[in-house]
Amino acid sequence: MRERCDLSMDKINIAIIGGAGFMGHAHSSALGLADLSGLGVRINRHVLVEPDPGVARSAAEELGWSEASTDWREVVAREDVDVVDIVTPPDLHEEVTLAAIAAGKHVFCEKPITNDAASGWRIARAAEEAAVLVQVGFNYRHTAAVQYTKALLEAGELGVPLQFRATYLQETGLLWGKTPGRWRNSRGTGGSGASGDIGSHIVDVAEFFNGPILRLNALARAMHEDRSQGWMPESTRISEDLLDDAAVWIAEFANGVIGSFAVSFYASGRKNQYRFSFDATKAAVDFDWNHREEFRISRVADAPVDAGFKTVHTSLEHPNGHWKLAGLGSGYVDVSASQFHSFFSAIVKGEQAHPSAAEATHVQEVVEAISRSASTGQWVDVPPSP
Ligand code: NAI
Ligand code: SOE
């Protein structure tokens, strides 16, 4: 990492690749919300790229981008682009990221960094050699309560970590099924199943707190394309190319913590239920994304008459507040704005951005280990970062 990235300009020109999609909308709004005045720079939503010229033009206009293009290769090499924001399906992440790095641009890439760890490590190495920053879009870790839990942990307030449990449940599979054409439904078009698509978020937060997972044992299930046929026969043994729709795994971390995890795309009534519980020797913390304005903490030192979980509402004193008035709440876009603030702050200060390409690639190693374990029924070691 070079001492300080050479951003002498006060305006950072961004190009967004895949900007008309779901995350294109979320990123465009979040980039508009991220207030970088304290860093002495401002963000310019410069070029939006989509393969279809009509889509590119209308999305650029609607989402506040100055220009539209259909050619990401030409755009990432442009002199007047400083940062490339990649929100395409995952099968394009490696190619676009490596081209942007080769052109000397900092990269924000949506999760998963790629769908195979080998290409993730290629990205991490290229970024290191080119001294550019790559940050990956594990946005939930940027929630105030999650950042504050990390700060408590680092300050020794939680004590020694013991056990970590996380679930990420959605009913998206029940609502959308396996409609042909959706990129999420096939590995060939960039899908990675429930374990890769949503499981990666809870692996990210687990490793954010505890460091790397060493080994794990997983079970996974897949649904038939035709839901009337019910569960796949022998579906606890998924094959390499069959994407899972639900998975559970237990894991051991390098810091000695033991963990358990569950993900599902077929969890009726659960819209976007991301939760974790973290037990340590001095305190335990519970977090639920659906109540992200607060977290619950139980401290061992509390007097017995007062002991138990207490709900803390995050406020201006906690990290990542946008609104200078407590109690206004923060949504999905606010949390994404926090992750962009963290990314641009790293660029301006010449610091490492988190989660980095290497951190996100280790998450991908865990996702691949889940798949290997689920298909063999064995405990699997997760390769360490090289
Ligand atoms: P999407 O399908 O809604 O959007 C993808 C866009 O990329 C489409 O507009 C498509 O036309 C465009 N695209 C495809 N090929 C292209 C090319 N060659 N050049 C330019 N544009 C191209 O997908 P979605 O849901 O926005 O997901 C995109 C990425 O964001 C994925 O990696 C996904 O995992 C991630 N994601 C992250 C979320 C989070 O909360 N962090 C939430 C949803 C998605
Ligand atoms: C899947 O339905 C999905 O869109 C994931 O791709 C995102 O990463 C998650 O945060 C929301 O759900």
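In the predicted model, strands β11 and β12 (residues 283-288) are paired in the antiparallel sense through five bridges. Within this pair, S277 faces D286 of β12. The connection from β11 to β12 is a hairpin of two residues. Strand β12 is in turn paired with strand β13 (residues 294-299), again in the antiparallel sense, over four bridges. Here A284 has S298 in β13 as its bridge partner, and a hairpin through five residues leads from β12 to β13.

These strands belong to an open sheet of nine strands, with the order β14-β13-β12-β11-β7-β10-β9-β8-β15 and mixed pairing. The edges are occupied by β14 (310-313) and β15 (380-381); each has a single partner strand, so one side of each is left without a neighbour in the sheet. Strand β7 (residues 161-169) pairs with strand β11 (residues 273-280) in the antiparallel sense over eight bridges, and P161 is bridged to A280 in β11. The pairing of β7 with strand β10 (residues 258-264), by contrast, is parallel and comprises seven bridges; L169 has S264 in β10 as its bridge partner. Strands β8 (residues 213-221) and β9 (residues 246-253) form an antiparallel pair over eight bridges, in which A220 stands opposite A247 of β9.

Residue A247 also appears in the description of the nonpolar interior. The largest nonpolar core contains 106 residues, and A247 and I370 are those with the most contacts inside it. Helix α11 (residues 357-376) makes the greatest contribution to this core, with nine residues. Residues of both domain 1 (11-138) and domain 2 (140-357 + 360-381) enter the core, which therefore lies between the two domains. In soluble globular proteins, nonpolar side chains tend to be buried together. When residues up to four places away in sequence are left out, the contacts of I370 are S195, G199, L216, A218, A220, A247 and W249. The contacts of I370 thus include both A220 and A247, the two residues that stand opposite each other in the β8 and β9 pairing.

The domain assignment divides the protein into domain 1 (11-138) and domain 2 (140-357 + 360-381). The centres of the two domains, taken over C-alpha atoms, are separated by 24 Å. Their contact involves 33 residues from domain 1 and 37 residues from domain 2. On the side of domain 1 that touches domain 2, the elements giving two or more residues are α1 (22-33), β5 (106-109), α5 (117-130) and β6 (134-136). By class, this side of domain 1 consists of 23 nonpolar, eight polar and two charged residues.

Two ligands are present in the analysis of residue shells. Around ligand 1 there are 21 residues, of which G18, G21, F22, M23 and E110 come nearest. The shell of ligand 1 is made up of twelve nonpolar, five polar and four charged residues. Ligand 2 is surrounded by K111, Q170, T172, D197, I198, H201 and N272. In this second shell, one residue is nonpolar, four are polar and two are charged.

Residue K111, listed in the shell of ligand 2, also takes part in a backbone feature: the peptide bond joining K111 and P112 is cis, with omega about -15°. P112 is located in the loop between β5 and α5. Another cis peptide bond runs from H354 to P355, with omega near -5°. P355 lies in the loop between α10 (332-349) and α11. A further backbone feature is found at A131, which has a positive phi of about 55° although it is not a glycine. A131 is placed in the loop between α5 and β6. With 15 other C-beta atoms within 10 Å, A131 is classed as partly exposed, because this count falls between the limits of 12 or fewer for exposed and 20 or more for buried residues.

Methods: Residues are numbered from 1 along each chain as its sequence is written. Chains are lettered from A and ligands numbered from 1 in the order in which they are written. This is a predicted model: local features need pLDDT of at least 70, side-chain atom pairs count only at pLDDT 80 or more; totals for chains, interfaces and linings use all residues. A residue is near a molecule or strand if its C-beta atom, placed from the backbone, lies within 6 Å of it. Ala, Val, Leu, Ile, Met, Phe, Trp, Tyr, Cys and Pro count as nonpolar, Asp, Glu, Lys and Arg as charged, and the others, Gly among them, as polar. A nonpolar core is a set of buried Ala, Val, Leu, Ile, Met, Phe, Trp, Tyr and Cys residues joined through C-beta atoms within 7 Å. Domain bounds come from an automatic or database domain assignment. Two residues are in contact if their C-beta atoms, placed from the backbone, lie within 7 Å. Two strands pair if DSSP finds at least two bridges between them.
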